[in-house]
Amino acid sequence: MGFEEKKGEKSVNDESGDEKENHGNIKRVDSESSLYETGDEGEDAECNKIELGPQFTLKEQFEKDKDDESLRKWKEQLLGNVDINNVGESLEPEVKILSLSIVSPGRSDIVLPIPENGKPEGRWFTLKEGCHYSLKFSFQVSHNIVAGLKYTNNVWKTGVKVDNTKEMLGTFSPQPEPYTYEMPEDTTPSGYFARGSYSAKTKFVDDDNKCYLEISYSFDIRKDWATAE
(Lines give C-alpha, C1' and ligand atoms only; values in the text may rest on other atoms or scores of the structure.)
Protein backbone atom coordinates (compact mmCIF):
# COMPACT_ATOMS: atom_id res chain seq x y z
CA MET A 1 0.00 0.00 0.00
CA GLY A 2 1.14 3.51 -0.66
CA PHE A 3 -0.69 6.73 -1.42
CA GLU A 4 2.08 9.33 -1.23
CA GLU A 5 3.00 10.87 -4.56
CA LYS A 6 6.63 9.94 -5.17
CA LYS A 7 8.59 10.07 -8.40
CA GLY A 8 11.72 8.18 -9.32
CA GLU A 9 12.83 4.82 -8.08
CA LYS A 10 14.72 3.95 -4.96
CA SER A 11 15.77 0.47 -3.90
CA VAL A 12 18.07 -1.29 -1.49
CA ASN A 13 20.48 -3.63 -3.24
CA ASP A 14 23.03 -6.15 -2.02
CA GLU A 15 21.84 -5.91 1.53
CA SER A 16 21.04 -9.07 3.42
CA GLY A 17 18.53 -9.47 6.19
CA ASP A 18 21.35 -10.13 8.66
CA GLU A 19 23.11 -6.90 7.67
CA LYS A 20 20.03 -4.74 8.17
CA GLU A 21 19.50 -5.68 11.80
CA ASN A 22 20.34 -8.62 14.05
CA HIS A 23 17.86 -11.13 15.48
CA GLY A 24 15.67 -11.15 12.38
CA ASN A 25 14.41 -7.59 12.69
CA ILE A 26 14.83 -5.38 9.64
CA LYS A 27 15.16 -1.62 9.53
CA ARG A 28 12.89 0.34 7.24
CA VAL A 29 14.28 1.45 3.91
CA ASP A 30 13.19 3.87 1.20
CA SER A 31 10.37 2.71 -1.07
CA GLU A 32 9.36 3.52 -4.61
CA SER A 33 5.71 4.48 -4.85
CA SER A 34 3.57 6.15 -7.36
CA LEU A 35 -1.79 2.69 -6.04
CA TYR A 36 -5.81 -3.22 -11.95
CA GLU A 37 -3.59 -5.42 -13.95
CA THR A 38 -1.79 -3.71 -16.78
CA GLY A 39 0.99 -2.54 -14.45
CA ASP A 40 1.53 -6.05 -13.09
CA GLU A 41 1.67 -7.58 -16.54
CA GLY A 42 4.35 -5.19 -17.74
CA GLU A 43 6.39 -5.73 -14.62
CA ASP A 44 6.16 -9.52 -14.90
CA ALA A 45 7.21 -9.35 -18.55
CA GLU A 46 10.35 -7.47 -17.58
CA CYS A 47 11.16 -10.06 -14.92
CA ASN A 48 10.75 -12.90 -17.43
CA LYS A 49 13.43 -11.37 -19.65
CA ILE A 50 16.11 -11.70 -16.99
CA GLU A 51 18.47 -14.61 -17.57
CA LEU A 52 19.73 -15.99 -14.28
CA GLY A 53 22.66 -18.33 -13.69
CA PRO A 54 22.48 -21.95 -12.48
CA GLN A 55 21.05 -22.65 -9.05
CA PHE A 56 22.99 -24.31 -6.25
CA THR A 57 21.98 -25.85 -2.96
CA LEU A 58 22.97 -23.88 0.13
CA LYS A 59 25.72 -26.37 0.88
CA GLU A 60 27.07 -26.11 -2.68
CA GLN A 61 27.04 -22.32 -2.47
CA PHE A 62 28.99 -22.43 0.77
CA GLU A 63 31.58 -24.86 -0.64
CA LYS A 64 31.93 -22.94 -3.92
CA ASP A 65 35.00 -20.68 -4.06
CA LYS A 66 35.93 -21.72 -0.51
CA ASP A 67 39.57 -20.89 -1.22
CA ASP A 68 38.67 -17.24 -1.73
CA GLU A 69 38.92 -15.78 1.77
CA SER A 70 36.94 -12.62 1.04
CA LEU A 71 34.07 -14.61 -0.51
CA ARG A 72 34.14 -17.09 2.36
CA LYS A 73 33.85 -14.32 4.93
CA TRP A 74 31.01 -12.67 2.98
CA LYS A 75 29.10 -15.98 2.86
CA GLU A 76 29.63 -16.54 6.57
CA GLN A 77 28.30 -13.07 7.27
CA LEU A 78 25.27 -13.67 5.02
CA LEU A 79 24.47 -17.10 6.46
CA GLY A 80 25.10 -16.16 10.07
CA ASN A 81 24.46 -19.11 12.38
CA VAL A 82 22.81 -21.31 9.73
CA ASP A 83 23.68 -25.00 10.15
CA ILE A 84 24.55 -26.03 6.58
CA ASN A 85 24.06 -29.71 7.40
CA ASN A 86 20.46 -29.16 8.54
CA VAL A 87 19.05 -27.10 5.66
CA GLY A 88 18.75 -30.00 3.22
CA GLU A 89 19.68 -30.14 -0.47
CA SER A 90 16.84 -28.06 -1.92
CA LEU A 91 17.65 -25.70 -4.80
CA GLU A 92 14.51 -23.65 -4.20
CA PRO A 93 14.18 -21.29 -1.25
CA GLU A 94 10.88 -21.19 0.58
CA VAL A 95 9.40 -17.97 1.98
CA LYS A 96 6.29 -18.08 4.16
CA ILE A 97 4.54 -14.83 5.04
CA LEU A 98 3.52 -15.35 8.66
CA SER A 99 1.68 -12.13 9.51
CA LEU A 100 0.45 -8.85 8.03
CA SER A 101 -0.71 -5.86 10.03
CA ILE A 102 -1.40 -2.15 9.61
CA VAL A 103 0.30 0.13 12.11
CA SER A 104 -1.03 3.63 12.81
CA PRO A 105 0.17 5.97 15.60
CA GLY A 106 -2.09 5.99 18.66
CA ARG A 107 -4.09 2.94 17.57
CA SER A 108 -3.88 -0.81 18.07
CA ASP A 109 -2.44 -2.66 15.10
CA ILE A 110 -4.96 -3.97 12.55
CA VAL A 111 -4.01 -7.64 12.15
CA LEU A 112 -4.94 -8.89 8.68
CA PRO A 113 -5.89 -12.56 8.31
CA ILE A 114 -4.08 -14.24 5.41
CA PRO A 115 -6.50 -16.53 3.50
CA GLU A 116 -5.13 -19.70 1.93
CA ASN A 117 -6.70 -18.88 -1.44
CA GLY A 118 -5.29 -15.36 -1.42
CA LYS A 119 -8.74 -13.74 -1.65
CA PRO A 120 -10.13 -12.29 1.59
CA GLU A 121 -13.92 -12.31 1.75
CA GLY A 122 -15.49 -8.86 1.67
CA ARG A 123 -13.63 -5.74 2.76
CA TRP A 124 -10.23 -6.63 4.20
CA PHE A 125 -9.78 -3.43 6.23
CA THR A 126 -10.76 0.24 6.54
CA LEU A 127 -8.44 3.24 6.77
CA LYS A 128 -9.29 6.73 7.98
CA GLU A 129 -8.76 9.52 5.46
CA GLY A 130 -5.63 11.58 6.08
CA CYS A 131 -4.17 9.09 8.56
CA HIS A 132 -0.54 8.06 8.90
CA TYR A 133 0.02 4.32 8.61
CA SER A 134 2.52 1.66 7.62
CA LEU A 135 2.39 -2.02 6.71
CA LYS A 136 4.25 -4.44 8.96
CA PHE A 137 4.85 -8.09 8.16
CA SER A 138 6.90 -11.07 9.27
CA PHE A 139 8.18 -13.92 7.13
CA GLN A 140 10.30 -17.04 7.43
CA VAL A 141 12.96 -18.23 4.98
CA SER A 142 13.92 -21.91 4.71
CA HIS A 143 15.85 -24.37 2.47
CA ASN A 144 18.01 -21.88 0.59
CA ILE A 145 18.95 -18.21 0.22
CA VAL A 146 16.21 -16.05 -1.30
CA ALA A 147 17.64 -13.31 -3.50
CA GLY A 148 15.96 -10.01 -4.31
CA LEU A 149 12.78 -10.50 -2.30
CA LYS A 150 10.37 -7.75 -3.32
CA TYR A 151 6.98 -6.45 -2.18
CA THR A 152 4.60 -4.99 -4.78
CA ASN A 153 1.15 -3.51 -4.36
CA ASN A 154 -1.22 -2.05 -6.97
CA VAL A 155 -4.42 -0.20 -6.10
CA TRP A 156 -7.44 0.77 -8.25
CA LYS A 157 -10.51 2.91 -7.66
CA THR A 158 -13.49 2.48 -10.01
CA GLY A 159 -11.24 0.62 -12.43
CA VAL A 160 -8.57 3.32 -12.58
CA LYS A 161 -5.10 2.60 -11.23
CA VAL A 162 -4.32 5.14 -8.53
CA ASP A 163 -1.19 3.77 -6.84
CA ASN A 164 1.74 1.45 -7.48
CA THR A 165 4.19 0.56 -4.71
CA LYS A 166 7.39 -1.47 -5.04
CA GLU A 167 9.76 -2.20 -2.18
CA MET A 168 13.00 -4.15 -2.55
CA LEU A 169 13.38 -6.02 0.72
CA GLY A 170 16.75 -7.67 0.09
CA THR A 171 18.49 -11.05 0.19
CA PHE A 172 17.88 -13.38 3.13
CA SER A 173 19.40 -16.63 4.35
CA PRO A 174 17.32 -19.41 5.94
CA GLN A 175 17.02 -19.27 9.71
CA PRO A 176 14.66 -20.60 12.41
CA GLU A 177 13.63 -17.11 13.57
CA PRO A 178 11.27 -15.06 11.38
CA TYR A 179 12.29 -11.74 9.85
CA THR A 180 10.18 -8.66 10.59
CA TYR A 181 9.82 -5.73 8.20
CA GLU A 182 7.96 -2.43 8.48
CA MET A 183 7.28 -0.33 5.39
CA PRO A 184 7.97 3.43 5.43
CA GLU A 185 5.11 5.46 6.85
CA ASP A 186 2.55 6.69 4.34
CA THR A 187 -0.56 8.92 4.44
CA THR A 188 -4.00 8.12 3.07
CA PRO A 189 -5.60 10.72 0.78
CA SER A 190 -8.47 12.79 2.16
CA GLY A 191 -11.55 14.55 0.84
CA TYR A 192 -14.82 13.60 -0.83
CA PHE A 193 -13.24 12.01 -3.92
CA ALA A 194 -10.71 10.01 -1.88
CA ARG A 195 -13.32 8.29 0.24
CA GLY A 196 -14.88 5.04 -0.99
CA SER A 197 -13.94 1.49 -1.93
CA TYR A 198 -10.67 0.38 -3.52
CA SER A 199 -9.43 -2.91 -4.98
CA ALA A 200 -5.79 -4.00 -4.74
CA LYS A 201 -3.31 -6.77 -5.39
CA THR A 202 -0.25 -7.51 -3.25
CA LYS A 203 2.63 -9.81 -4.21
CA PHE A 204 5.84 -11.06 -2.65
CA VAL A 205 8.26 -12.21 -5.38
CA ASP A 206 12.00 -12.85 -5.72
CA ASP A 207 14.63 -12.33 -8.43
CA ASP A 208 13.53 -15.59 -10.13
CA ASN A 209 10.02 -14.11 -10.35
CA LYS A 210 8.80 -16.82 -7.98
CA CYS A 211 5.68 -15.61 -6.16
CA TYR A 212 5.42 -16.59 -2.49
CA LEU A 213 2.15 -14.82 -1.75
CA GLU A 214 -0.45 -13.06 -3.89
CA ILE A 215 -3.51 -11.44 -2.34
CA SER A 216 -6.35 -9.73 -4.21
CA TYR A 217 -8.47 -7.69 -1.83
CA SER A 218 -10.67 -4.66 -1.29
CA PHE A 219 -10.56 -1.94 1.35
CA ASP A 220 -12.29 1.33 2.22
CA ILE A 221 -11.17 4.85 3.04
CA ARG A 222 -13.71 6.60 5.28
CA LYS A 223 -14.06 9.72 7.40
CA ASP A 224 -13.20 7.67 10.48
CA TRP A 225 -11.93 4.28 11.50
CA ALA A 226 -14.41 1.41 11.46
CA THR A 227 -15.62 0.75 14.99
CA ALA A 228 -15.17 -3.01 14.58
CA GLU A 229 -11.45 -2.49 13.93
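**Strand 5 and its partners**

Strand 2 (residues 94-103) and strand 5 (residues 132-142) sit side by side as an antiparallel pair, held over nine bridges. Keep in mind that this is a predicted model. Its mean pLDDT is 77 across the chain, with 60% of the residues at 70 or more.

**Who pairs with strand 5**
- On the strand 2 pairing, Leu100 has Phe137 of strand 5 as its bridge partner.
- Strand 5 also runs antiparallel to strand 8 (residues 179-182), and four bridges join these two.
- Phe137 turns up again here, since its bridge partner in strand 8 is Tyr181.
- Strand 9 (residues 186-187) pairs with strand 5 as well, in the antiparallel sense and over two bridges.
- Look for Tyr133 in that pairing: it stands opposite Asp186 of strand 9.

**A look at Phe125**
- You'll find Phe125 in strand 4, which covers residues 123-128.
- Is Phe125 buried or exposed? Phe125 counts as buried because its relative accessible area is 0%, and the cut-off for buried is under 20%.
- Phe125 and Ile110 lie 15 residues apart in sequence, and their C-alpha atoms are 8.0 Å apart in space.

**Where the confidence drops**
- The chain's mean pLDDT of 77 goes along with some weaker stretches.
- Residues 5-42 have pLDDT below 50, and this stretch makes 94 contacts in the model beyond near neighbours in sequence.
- Residues 44-50 are also below 50 in pLDDT, with five contacts in the model beyond near neighbours in sequence.

Key: Residues numbered from 1 in each chain as written. Predicted model: local features only at pLDDT ≥ 70, side-chain atom pairs only at ≥ 80, totals over all residues. Heavy atoms only, no water. Buried < 20%, exposed > 50% of the residue type's maximum accessible area, 1.4 Å probe, protein only. pLDDT = per-residue confidence, 0-100. Contact = heavy atoms within 4.5 Å. Pairing = 2+ DSSP bridges.
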